[in-house]
Amino acid sequence: MSFLRSVAGVLGRAKPLESSTTGLQARRHIKRWVSPTLRELAHRQKKLGPQKPEARSGFVEWNQRSELFAFGKRLGESFELSQLQRAFTEKSFARREEDRRRQLGIEEADLQMLDNSDLVEKGQHIAKAYVEAFLQHQLPKLPKEGLQAITSFLLSTENLARVSFHLGTKDLINSTEYPPSNESLAQSLQAVIGALADSSGIERAFLFVRDFICTQLNQKDLLDVWTPQEPLQLLDNICKERKLGEVEPRLLGDCGKNTVLAAYQVGIYANRQLLGKGFGEDLKTATETAAIDALQSIFDTHDNRRPFDFSIQLEAKNVRLG
């Protein structure tokens, strides 16, 4: 009996040993060489300093044709791959490639490499014509100066480069520099518009400009894009043209007049009608703010205006390409 009791005791003590062994086996073991290796790699990287970004096309698995095909499918457009590849080839890159081929002894007939110069010009013309027609349709009350300012904002190099970058053109551009500059990104986007017009027609190019360039006005304060110079004089000229009467600023209220926290409220009247009102730290600022508020009401550019309709399809005859 004592022997059985001793055996049972040994078995009882063996159970926790088995559970602990299982727990040890389930743990994650990190080899002792991992930590010093990572420290050495970090030390070498710090010693080398910051490295220049490498072009994605320099990797072994890069396939230019597949990337161009995927680019068109992501945008939902049908491109001719030859046109699209040409749209992403800059003139400087084409000349360098021709020189390299000439040094390799390639025949003169095979040296020529097409670049995107003419596609950039064509896309720039299409984008400008459609943006002007779109703004004229959406902001019919805005004067010519305002339309030109908004057009310049939408077609600026910075805005086009931002759109181009987010469309994924950075690694597709064949350029002599990497990463490509804002000018390269903007011109590539314009060349893509020209290539789309040649591949799928001018209507698809118009829709492309609407969907990716005109939509940059979404939730944009137009006053940040165009602020009228000398608003009171401009308002007075408009009132005279429309025979609304003479513009008359009036002080509506003030507080803290003799302190650093002074505030004035000015209203702009014409023919006893309130056109706009504004605040400012002095009478001049308050008057200009009130004049701008009146101009926004006249031009229908207030923040609470009806949002831009980005679903409209302007007919080609309404876009002045000539």
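Trainee: Where is proline 179 found?

Mentor: Proline 179 sits in the loop between helix 8 and helix 9. Keep in mind that this is a predicted model.

Trainee: What makes the peptide bond from tyrosine 178 to proline 179 stand out?

Mentor: That bond is cis, and its omega is near -5 degrees.

Trainee: What does the chain contain overall?

Mentor: The chain has 13 helices and 3 strands. Buried residues account for 36% of its 322 residues. Take the contacts between residues at least 6 apart in sequence: 61% of them join residues at least 24 apart.

Trainee: Which helix holds glutamate 158?

Mentor: Helix 8, residues 157–166, holds glutamate 158.

Trainee: Why is glutamate 158 called exposed?

Mentor: Exposed means over 50% relative accessible area. Glutamate 158 has 54%, so the word applies. Its C-alpha is 7.6 Å from that of alanine 186, although the two are 28 residues apart along the chain.

Trainee: What is the span of helix 9, and what span is expected?

Mentor: Helix 9 covers residues 182–200, which is 19 residues. It reaches 27 Å from first C-alpha to last, close to the 27 Å expected at 1.5 Å a residue. Just after helix 9 comes glycine 201, with a positive phi of about 105 degrees.

Trainee: How do you know that the span of helix 6 agrees with its number of residues?

Mentor: Helix 6 has 22 residues, and at 1.5 Å a residue it should span 32 Å. Its end C-alpha atoms are 32 Å apart, so the two values agree.

Trainee: Which residues of helix 6 are buried?

Mentor: Among them are Leu119, Val120, Ile126, Tyr130, Phe134 and Gln138. Each of these is under the 20% cut-off for buried. Their cover includes helix 4 (81–87), helix 7 (144–154), helix 9 and helix 10 (202–212).

Trainee: Which residues touch the most other members of the largest nonpolar core?

Mentor: Ile150 and Leu235 do, in a core of 64 residues. Helix 6 (residues 117–138) gives the most to this core, with 10 residues. In soluble globular proteins, nonpolar side chains tend to be buried together.

Trainee: What is isoleucine 150 in contact with, leaving aside its neighbours within four places in sequence?

Mentor: Isoleucine 150 is in contact with Leu135, Leu139, Leu142, Leu217, Leu222 and Val225.

Trainee: Why are helix 12 and helix 13 called oblique to each other?

Mentor: Start with the angle. The axes of helix 12 (residues 231–241) and helix 13 (residues 283–299) cross at roughly 45 degrees. Angles under 35 degrees count as roughly parallel, and 65 to 115 as roughly perpendicular. The crossing falls in neither range and is not over 145, so the pair is oblique. The axes come within 8 Å, and the crossing is left-handed.

Trainee: Which residues make the contact between helix 12 and helix 13?

Mentor: Helix 12 uses Pro231, Leu232, Leu234, Leu235 and Ile238. Helix 13 contributes residues including Thr287, Ala291, Leu295 and Phe299.

Trainee: What covers the buried residues of helix 13?

Mentor: The cover includes helix 11, helix 12, strand 1, strand 2 (263–270) and strand 3 (273–280). The buried residues of helix 13 include Ala290, Ile292, Gln296 and Ile298. Helix 13 has 17 residues and reaches 24 Å, close to the 24 Å expected.

Trainee: What makes glutamate 230 count as exposed?

Mentor: Its relative accessibility is 59%. The cut-off is over 50%, so glutamate 230 counts as exposed. Glutamate 230 lies in the loop between helix 11 (222–225) and helix 12. From C-alpha to C-alpha, glutamate 230 and isoleucine 292 are 9.2 Å apart, with their places 62 residues apart in sequence.

Trainee: What is notable about the phi of lysine 243?

Mentor: Lysine 243 is not a glycine, yet its phi is positive, about 55 degrees. Lysine 243 lies in the loop between helix 12 and strand 1 (247–255). Its relative accessible area is 76%, over the 50% cut-off, so lysine 243 is exposed.

Trainee: Why is aspartate 300 called partly exposed?

Mentor: Aspartate 300 has a relative accessible area of 37%. Buried means under 20% and exposed means over 50%; 37% lies in between, so partly exposed is the term. Aspartate 300 is in the segment after helix 13, and its phi is positive, near 60 degrees.

How values were computed: Residues are numbered from 1 along each chain as its sequence is written. This is a predicted model: local features need pLDDT of at least 70, side-chain atom pairs count only at pLDDT 80 or more; totals for chains, interfaces and linings use all residues. Side-chain values use heavy atoms; hydrogens and water are left out. Helices (H or I, at least four residues) and strands (E, at least two) are DSSP runs, numbered from the N terminus. The expected span of a helix is 1.5 Å times one less than its number of residues. A nonpolar core is a set of buried Ala, Val, Leu, Ile, Met, Phe, Trp, Tyr and Cys residues joined through side-chain atoms within 4.5 Å. Buried means under 20% relative accessible area, exposed over 50%, partly exposed in between (1.4 Å probe, protein chains only). Contact means heavy atoms within 4.5 Å. Axes are lines fitted to C-alpha atoms, for helices over the stretch in contact, and angles run from 0 to 180 degrees between N-to-C directions. A crossing is left-handed if the near helix is turned anticlockwise from the far one by less than a right angle, and right-handed if clockwise.
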